[in-house]
Amino acid sequence: MLDQYLKSRIKDAERLVEKLQKHYDYVSVLGTCVRNKVILVSTHVNSIDDIDNECGFVIKVYKDGRYSEYSCNDIRDLKSSEVIRSVKLDQVFSKDFKVKMLEEQPHREDYLREDPARLSDGEITRELTEVKDAMHRKDERLINFAARYMKRETSKIFVSAKKRLTQKYDWINVMQLNVVREGDVIKSNYEAEGEADSALALQKFKKHAPEVLDIALRLLKAKPVKPGKYTIITDPSISGLIAHEAFGHGVEMDMFVKNRAKAVDYVGKYVASDLVNMYDGASSCLSAASYFFDDDGIEAHNTQIIKNGILQRGISDSLSAMELGTEPTGNGRRQDFSRKVYTRMTNTWFGPGKDKYEDMIKSVKHGYLLCQTNNGMEDPKNWQIQCTASYGLEIKDGRFTGEMIAPVVISGYVIDLLSSISMVSDQVTVHGSGMCGKGHKEWVYVSDGGPYLKAEAKLG
Amino acid sequence: MMKKNEIISCIKANKKITDYELTIQNKNSRELFYVLDHLEINRAVKTTTAKIEVYVADRKTVGSSSVTVTAADDVKSLASKLNKAVTKAKQARNAYYPLPEKTVNIRDKKGVKRDLNDIAGKVAKAVFKANVYKSGWINSTEIFVSEFTDEFISSKGISHCSDSFKIEIECIPTWSNKKEEFELYKFYESSKPDYRQITEEIDEILKLAKDRSNARTLKEVELPKDLKVLVKNDMLQVIVGTLSRDLTYRNVFMHQNHYSKKDEISGNPFDLTMKPVVPGCTASRRYDQNGIVLKSRKIVSKGKANAYYGDQRFGSYLQEENISGSLPVCEVKAEGIPYKKEKHLIIETFSSPQMEEDSGYWGGEVRLARYFDGKKYIPLTGFSISGNIYENMKDVQFSKEESTLRNYKGPKYFIFKNIKIS
């Protein structure tokens with residue numbers, strides 16, 4: 001159920017909105033409480049923590065064409081004069097500029113999505129420990145095994161003159177990291193499960209553990225890739241990373257406002273092979289970024305970004321939508337209550353195609369199956385892309401050779417990469433265990449994924 | 001929010017708690033967000049965060065659990081949280097290690113009164129003073145002016161307090177070559193308002209954006225083999241961070257260290273000292289997360305691994321006598337070489353610096369580099385560099401120029417050979 005503290009502050013929020021509306025044309029109050037249960041079982045360190053990751057409020061006001069915000073711990077004894085005084089700017093450098101005010105429709109609703117499993121700390125610790133011990137028994141080159149269970153319980157309230165919304169939703173991640181050593185060579189491999197159900201997340205964690213260790217051990221013999229252009233097949237995590245970096249960041253519409261996104265000139269034009277469809281939205285699937293309303297109080301959407309290779313539209317928060325004269329898409333997100341809202345991705349993924357995975361592998365003369373997201377970086381202005389896969393498996397004449405390369409950096413021009421997609425598998429997997437920064441800060445939970453994709457790319 | 005003494009009374013009332021550490025931070029900030037040269041939104045932040053680490057120990061084992069105190073808490077709810085934390089600490093046992101004892105308590109509160117709105121306004125003026133070019137402009141700017149008060153109290157009698165001030169600027173400069181627009185990224189951080197320096201830094205990044213708009217590719221410029229590659233800023237911090245992490249108690253205890261004491265890191269001698277406070281480095285701090293009052297430790301001497309450093313837990317597990325604490329700043333001292341007359345390549349900005357700590361693989365896609373062909377600098381873009389840091393360090397050289405970054409002070413450039421350029 002909704003966090004009791006937030007529930008107890010709804011009336012205070014309504015009172016504050018009423019008072020501040022005497023000074024401003026628009027007022028809203030967002031309250032957030034995010035609680036994390038983190039259970040760590042590892043070779044050397046164990047811990048169980050219940051951490052209130054964030055708990056506080058942000059008051060948004062609008063007057064004379066400008067929005068201002070005030071973030072604080074509590075609103076019960078907060079005087080409206082404190083908000084007015086803190087956000088008042090007497091003299092500040094700025095050219096004339098007025099943003100339109102968001103017109104809201106009346107909306108009152110309570111949303112709830114909770115973890116159906118009722119597992120105790122002891123039960124979870126036992127499951128993690130069993131896997132840790134089993135992996136250590138399997139191979140003595142394993143020098144550190146760490147399993148981390150995290151349940152994130154998010155409660156939010158949004159109150160304005162026309163809206164009164166509440167939501168509570170849970171998400172669970174179980175991560176495993178294997179560090180192996182042979183002589184002076186140290187390698188590691190990880191996998192993270194993301195589910196709305198603890199029991200399911202732990203089940204997958206257990207099932208995947210032997211393979212995660214096996215890959216770590218194979219990485220001991222992995223070689224660097226010879227830089228060059230190759231045929232690649234991307235696994236769903238790398239497909240998701242490409243979706244996220246190539247067109248996710250590129251269609252965040254606060255970038256359109258700043259004229260920082262090349263995508264603004266390509267709406268209605270081909271940006272990818274006609275086999276490509278791409279989506280983003282908190283309601284587009286059930287994953288790490290599936291909420292019911294965003295931090296502007298806008299309901300979750302499912303936005304189709306690319307349809308049959310043609311760029312359809314971007315995603316936006318309220319402020320960007322007001323500046324561009326478009327509708328917000330429920331993508332306004334904050335790192336926490338003390339930070340600004342930006343347009344952010346949620347669950348971003350490529351849609352399925354018609355090809356079979358086996359046929360895709362058979363079709364490769366010489367190339368690599370690229371696996372497991374490591375990290376990536378976007379360049380929405382100039383459409384350069386850089387994605388790192390943890391490892392690649394060599395394919396020659398349609399068969400795996402047993403050779404492994406690691407790590408592998410995919411780089412190039414976004415349109416070249418997406419236009420080269422020639423096969424798309426028929427199954428989609430979305431990975432709900434990642435975080436994403438905007439530029440170099442503002443971390444939020446996201447998911448991404450897709451089918452297996454066959455493309456041509458520069459590897460280094 | 002509960003007062004400090006109320007929180008401590010609550011902790012002391014729970015007799016099952018063996019030890020505790022309490023950290024409290026107050027933050028007050030003003031933030032300005034610009035699109036081009038107009039203010040899009042302004043923000044004010046006034047928050048307090050409080051965290052308690054609860055320890056339950058016997059002779060052989062210790063368990064700990066974290067509790068955060070929020071505005072929602074009162075004596076009753078905090079007492080309940082502490083009870084639950086005790087249960088969790090008992091469930092998650094670890095090998096015993098003692099918490100640090102009191103040595104000296106730091107009282108570093110200057111109590112400076114500042115008008116944050118006024119400072120933020122002056123910072124904005126300094127940023128836009130550099131916005132004077134026809135073909136180049138500041139596309140967007142975020143300004144954060146913040147003051148913090150920190151307190152650390154532990155059951156071992158440690159009681160530190162300090163205050164700090166920080167200006168952060170995130171700026172995106174853009175330059176048009178009439179066919180296309182090119183942008184770069186600048187993050188500036190300082191613990192004192194130096195408005196002239198802010199204008200100079202923004203001007204410099206605008207000029208680099210101009211270089212990027214005129215940059216050529218490797219198809220147009222042929223680079224000689226065995227070219228010296230100079231790296232700076234973000235990548236330098238990543239490299240030094242990787243090397244120093246290798247010599248932490250934690251990595252040594254877990255056998256995740258590539259170097260041990262006396263191992264040669266480089267044939268070219270350099271010293272690497274971990275320090276608590278270096279003027280200009282905003283990561284500086286005088287005590288760590290366990291309250292240890294930090295003292296400098298030279299971990300690399302004349303190119304050889306010299307000592308380990310790190311936190312109380314792993315220092316204790318390694319039975320170190322003089323545990324250094326988690327030192328935040330790295331200072332490198334080395335003899336600089338003259339490089340300016342011979343051909344070289346300076347990597348100005350990466351898309352995102354990459355470092356795989358297990359293997360030492362490093363590199364990334366280069367957004368802007370400058371190639372000196374013996375006569376002039378030619379801006380380059382659209383290529384990648386890669387190497388292995390453990391191999392590359394063996395014959396690393398250093399520039400005479402110095403730079404001070406968030407957690408680094410030392411040569412402005414590390415100069416590498418045998419770097420793959422593709």
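In this predicted model, B:L36 counts as partly exposed, because 18 C-beta neighbours fall inside 10 Å, and a residue needs 20 or more to be called buried. The residue sits in the loop between β1 and β2 (38-57) of chain B. Its backbone is a bit out of the ordinary run of things to look at, too: phi of B:L36 is near 55 degrees, a positive value in a residue other than glycine.

B:N418 makes a natural companion to this. Phi of B:N418 is likewise near 55 degrees, again a positive value in a residue that isn't glycine. As for where to find B:N418, look in the loop between β23 (414-416) and β24 (420-421) of chain B. With 14 other C-beta atoms within 10 Å, B:N418 comes out as partly exposed, since exposed would take 12 or fewer.

Still in chain B, helix α3 covers residues 116-129. Its 14 residues, at 1.5 Å a residue, should span 20 Å, and the end C-alpha atoms do turn out to be 20 Å apart, so expectation and model agree. The buried residues of α3(B) are B:N117, B:A120, B:G121, B:V123, B:A124, B:A126 and B:V127. An α-helix has 3.6 residues a turn, so residues three or four places apart point the same way. And what lies over the buried residues of α3(B)? The cover includes three strands and a helix of chain B, namely β1 (19-35), β6 (136-154), β7 (159-176) and α4 (195-213).

Chain B also has an open sheet of six strands, with mixed pairing, in the order β13-β12-β11-β14-β22-β21. β13 (304-305) and β21 (402-404) of chain B stand at the edges; each has a single partner strand, so one side of each is left without a neighbour in the sheet. Within this sheet, β14 (residues 329-334) and β22 (residues 408-411) of chain B run parallel and are joined by two bridges. Across that pairing, B:E331 in chain B stands opposite B:K409 of β22(B).

Turning to chain A, there are ten helices and 22 strands. For 460 residues, a compact globule would have a radius of gyration near 23 Å; chain A has 24 Å, which agrees. Along its principal axes, the C-alpha trace of chain A spans about 70 × 55 × 40 Å. Of the 460 residues in chain A, 56% are buried. Counting contacts in chain A between residues at least 6 apart in sequence, 73% join residues at least 24 apart.

Two spots in chain A can be picked out in the loops. A:K262 lies in the loop between α7 (254-257) and β9 (278-280) of chain A. A:K262 has 19 C-beta neighbours inside 10 Å and therefore counts as partly exposed, the cut-off for buried being 20 or more. Setting aside neighbours within four places in sequence, A:K262 is in contact with A:G250, A:P380, A:K381, A:N382 and A:W383. The C-alpha atoms of A:K262 and A:L2, by contrast, are separated by 41 Å, with the two positions 260 residues apart along the chain. The other spot is A:P407, found in the loop between β17 (399-405) and β18 (408-413) of chain A. A cis peptide bond joins A:A406 to A:P407, with omega about -20 degrees.

Conventions:
Residues numbered from 1 in each chain as written. Chains lettered and ligands numbered in written order. Predicted model: local features only at pLDDT ≥ 70, side-chain atom pairs only at ≥ 80, totals over all residues. Helix = DSSP H or I, 4+ residues; strand = E, 2+ residues; numbered from the N terminus. Expected span 1.5 Å × (residues − 1). Contact = placed C-beta atoms within 7 Å. Rg over C-alpha atoms; globule rule 2.2 N^0.38 Å. Pairing = 2+ DSSP bridges.
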